[in-house]
Amino acid sequence: EMTNMALIFDRYKDRLATLPKEKGWITENLYMYQGFWHQPSRRISVETVMALQDTFKAHPTDIYLATLPKSGTTWLKALVFALVNRNRYKDNRLSTHPLLVSNPHNCLPFIETEVYRNTPTYVDAHVHSPHLFATHIPYTSLPRSVLDFGCRLVYLCRNPKDVLVSMFHFANKLRDKSRGLLTLEEAFDLFSKGIMPTGTYWDHVKGYHKASIEYPQNVLFLTYEDMKIDTVNNVKRLASYLGHPFTDEEEGEGAVQGIIRLCSFENLSEVNKHGNLREDIPNDAFFREGKVGDWKNHLTDEMSCILDKITREKFYGLDITS
Ligand code: A3P
């Protein structure tokens, strides 16, 4: 995989050099490609987006989970993995469920990392259909075949202020120590200018929101806040959309609550207390507070007002509750 990464970075280095760049949160810089900011030369990076656009072949039954970083990707991955595979693990003892021994990011991969594999996962798509992938790629930059096949997409949106605060903490955990810590003021400044990995925040949300209105059968638009307030109904909705609706018998047995408990912040943060997802990312980096409105403990009233104003303007006339 390391060799493939090096080959891909090398293949796109001339194109990378032509892109506008800005200061980054984790990486030193972010690069603007097709209207969005991307990290360079990482597993999830602008080179990966280019490589996927050039080579990735979706399968019509694939399902894609799309999010901005820090919008609840880890939670959505866990829920979808648990929902779709629930019969596979039903008869085993609970302790063998992958989500009890492994990070959700290991259970459901990003397509961004598929281009590095020698044997792309999509080759096996017909074996374990539907095939599940996650992505941070903006709607308009998705590989052509994902859209041409009309693959089902699930988008999870989170309110901008919690995304900013979550990203601020995450970046400070992962930044190269030699760069020092990002201050909240710097993070706010970057975020409000739209500069964050796969941002702007507002254009990323708007792209998928528009698609969910144009193609309601193909794009399910969920929010982190709705999922928190009414987890049961949203999980049932998600199950039906994924083609795995709960039967009356399952509901009677408490299967919905079982999956919610398995994927809860409390449970997953405990499972992922130790160890590393990769050498540079500890498992616990994806679990911090897991709440709605933690921004109130961090942002000043002025920061909050400015972000509310930007959001009102950018989302004017759209029914996006965040
Ligand atoms: P906070 O930093 O606000 O706590 P992502 O998975 O997209 O990287 O997003 C991470 C955010 O989702 C973090 O938010 C994290 O705590 C929260 N999170 C992780 N697992 C969760 C879960 N099972 N339920 C709810 N929130 C979760």
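A polar contact is a pair of N or O atoms within 3.5 Å; within protein, one must be able to donate a hydrogen and the other to accept it, and residues adjacent in sequence count only if both atoms are side-chain atoms. Residues are numbered from 1 along each chain as its sequence is written. The model is predicted, so to speak of local features takes pLDDT of at least 70, side-chain atom pairs count only at pLDDT 80 or more, and totals for chains, interfaces and linings use all residues, while side-chain values use heavy atoms and leave out hydrogens and water.

**Exercise 1.** Find the backbone nitrogen that lies 2.8 Å from a polar side-chain atom of N172, and describe the surroundings of N172.

*Solution.*
- Start with the place: N172 sits in helix α9, residues 160-174. Helices here are DSSP runs (H or I, at least four residues) and strands likewise (E, at least two), numbered from the N terminus.
- Next, the backbone nitrogen in question belongs to L182.
- Then list contacts (heavy atoms within 4.5 Å). Leaving aside neighbours within four places in sequence, N172 is in contact with K177, L181 and L182.
- Finally, N172 has a relative accessible area of 15%, so it is buried. Buried means under 20%, exposed over 50%, and partly exposed in between (1.4 Å probe, protein chains only).

**Exercise 2.** Work out which residues come nearest to the ligand and which polar atoms lie beside its oxygen atoms.

*Solution.*
- Of the 19 residues around the ligand, K70, T73, T74, S166 and E289 come nearest; a residue belongs here if one of its heavy atoms lies within 4 Å.
- A polar side-chain atom of T74 is 2.5 Å from a ligand oxygen.
- For R288, a side-chain N or O atom lies 2.7 Å from an oxygen atom of the ligand.
- G290 uses its backbone instead: an N or O atom there is 2.7 Å from a ligand oxygen.
- As for cover, the protein hides 98% of the 570 Å² of accessible area that the ligand has on its own (Shrake-Rupley method, 1.4 Å probe).
- Helix α4 gives the largest share of the shell, 3 residues.

**Exercise 3.** Is P143 buried or exposed, and which residues does P143 touch?

*Solution.*
- Locate P143 in the loop between β5 and α8 (144-148).
- Relative accessibility is 0%, so P143 counts as buried.
- Not counting residues up to four places away in sequence, P143 touches L52, Q53, F56, I111 and I137.
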